[in-house]
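Work through the following exercises with the sequence and the structure at hand, and compare each of your steps with the solution given.

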Amino acid sequence: MDTIFLESVTKRYRADIGRTEKTVLDNLSFCVKEGTVFGFLGPNGAGKSTTIKILLDFIRPDSGRVLINGVSPDCHEVRKGIGYMSEKPCAYVNMTIMELLSFRASVTGAGKRRGKGYADELLEKTGLVEHKNRPLKKFSKGMLQRASLALALVHDPKILILDEPLSGLDPLMRYEVIGLLRDLKEEGKTIFLSSHILNDIEKVCDEIAILNNGRILFVGRIDDVSIHEGLEEFFVKTLMGLQ
Ligand SMILES: Nc1ncnc2c1ncn2[C@@H]1O[C@H](COP(=O)(O)OP(=O)(O)O)[C@@H](O)[C@H]1O
Ligand SMILES: [Mg+2]
């Protein structure tokens, strides 16, 4: 059984009242196998975040079928097994990462289950130990990204859905986040990540899909791409219709 399964998913939006509808996702089909890292790649406006919102049941498609572990994403049990990182991380800027982690640990029940040292473990993992008592408003973009990732991991989800986890990061931070994602894969997690930054993606993804204007242009194993040419060249050629 696939961890994530989409079949013929279509979503339309009306920009303004009276305006004609725009097809934002057009007949999307793909699946993500358990324990793999799936890179959902596409330029800005391609429809990546819209797809992610559908996977999380924040919005519903106009047609098509979505299954997470074989059931609809509106199922509460399924949602408890997902860790989500939004493309706009962390709104509670006056709180510290420690306070946020403790809060989330208590509402998800993870605090009781995993003991007091668990938050420190997550801070260690995401390189935030020395910043744990600083309010988030003093965090750099890279620190905010890592804080969001720590928060997505609190309840030890089996599935991670990460919207642009590499955006706004310098090369060193990207390297660190990629390393963290590899560790999480080693732990057996299934990771779905969107990105328009292609550097380093091949180091972590097993499979990729390339999306443009709401349409899937390519789905396949990263090995099949990287053997012949770099991912960046493949991506650009695919978008230009030269592939
Ligand atoms: N709530 C909405 N209402 C109308 N159009 C939207 C809405 N959300 C997204 N869109 C449009 O859908 C398209 C895809 O957006 P999005 O999924 O955010 O792309 P990406 O995450 O790949 O940058 C864009 O053209 C965007 O303007
Ligand atoms: Mg987006």
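**Exercise 1.** Determine how the residues of the shell around ligand 1 divide into nonpolar, polar and charged.

*Solution.* In this predicted model, local features need pLDDT of at least 70 and side-chain atom pairs count only at pLDDT 80 or more, while totals for chains, interfaces and linings use all residues. Residues are numbered from 1 along each chain as its sequence is written, and chains are lettered from A and ligands numbered from 1 in the order in which they are written. Begin by listing the residues around ligand 1, taking a residue as near if its C-beta atom, placed from the backbone, lies within 6 Å of the molecule: these are Tyr13, Ala15, Val24, Gly42, Asn44, Gly45, Ala46, Gly47, Lys48, Ser49 and Thr50. Then sort them, counting Ala, Val, Leu, Ile, Met, Phe, Trp, Tyr, Cys and Pro as nonpolar, Asp, Glu, Lys and Arg as charged, and the others, Gly among them, as polar; the result is four nonpolar, six polar and one charged. Finally, the element that gives the most to this shell is helix α1 (residues 48-55), with three residues, helices (H or I, at least four residues) and strands (E, at least two) being DSSP runs numbered from the N terminus.

**Exercise 2.** Establish which residues of α7 are buried and what covers them.

*Solution.* A residue is buried if 20 or more other C-beta atoms lie within 10 Å of its own, exposed if 12 or fewer, and partly exposed in between, with C-beta atoms placed from the backbone. By this criterion Arg174, Val177, Ile178, Leu181 and Leu184 are the buried residues of α7. Because they cover an arc of only 115° around the axis, they lie on the same side of α7, the arc being that of the directions from the helix axis to the C-beta atoms. The face turned away from this buried side carries the exposed residues Leu172, Asp183 and Glu186. The cover over the buried residues includes β3 (37-41), α6 (141-153), β6 (159-163) and β7 (190-195), where contact requires C-beta atoms, placed from the backbone, within 7 Å.

**Exercise 3.** Describe how β7 is covered and paired.

*Solution.* Six of the six residues of β7 are buried. Thr190, Phe192 and Ser194 point one way from the strand, whereas Ile191, Leu193 and Ser195 point the other way. In a regular strand the side chains alternate between the two faces of the sheet. As for pairing, which needs at least two DSSP bridges between two strands, β3 and β7 are parallel over five bridges, with Leu41 the bridge partner of Ser195. Five bridges likewise join β6 to β7 in parallel, and here Leu160 stands opposite Ile191.

Note on methods: Contact = placed C-beta atoms within 7 Å.
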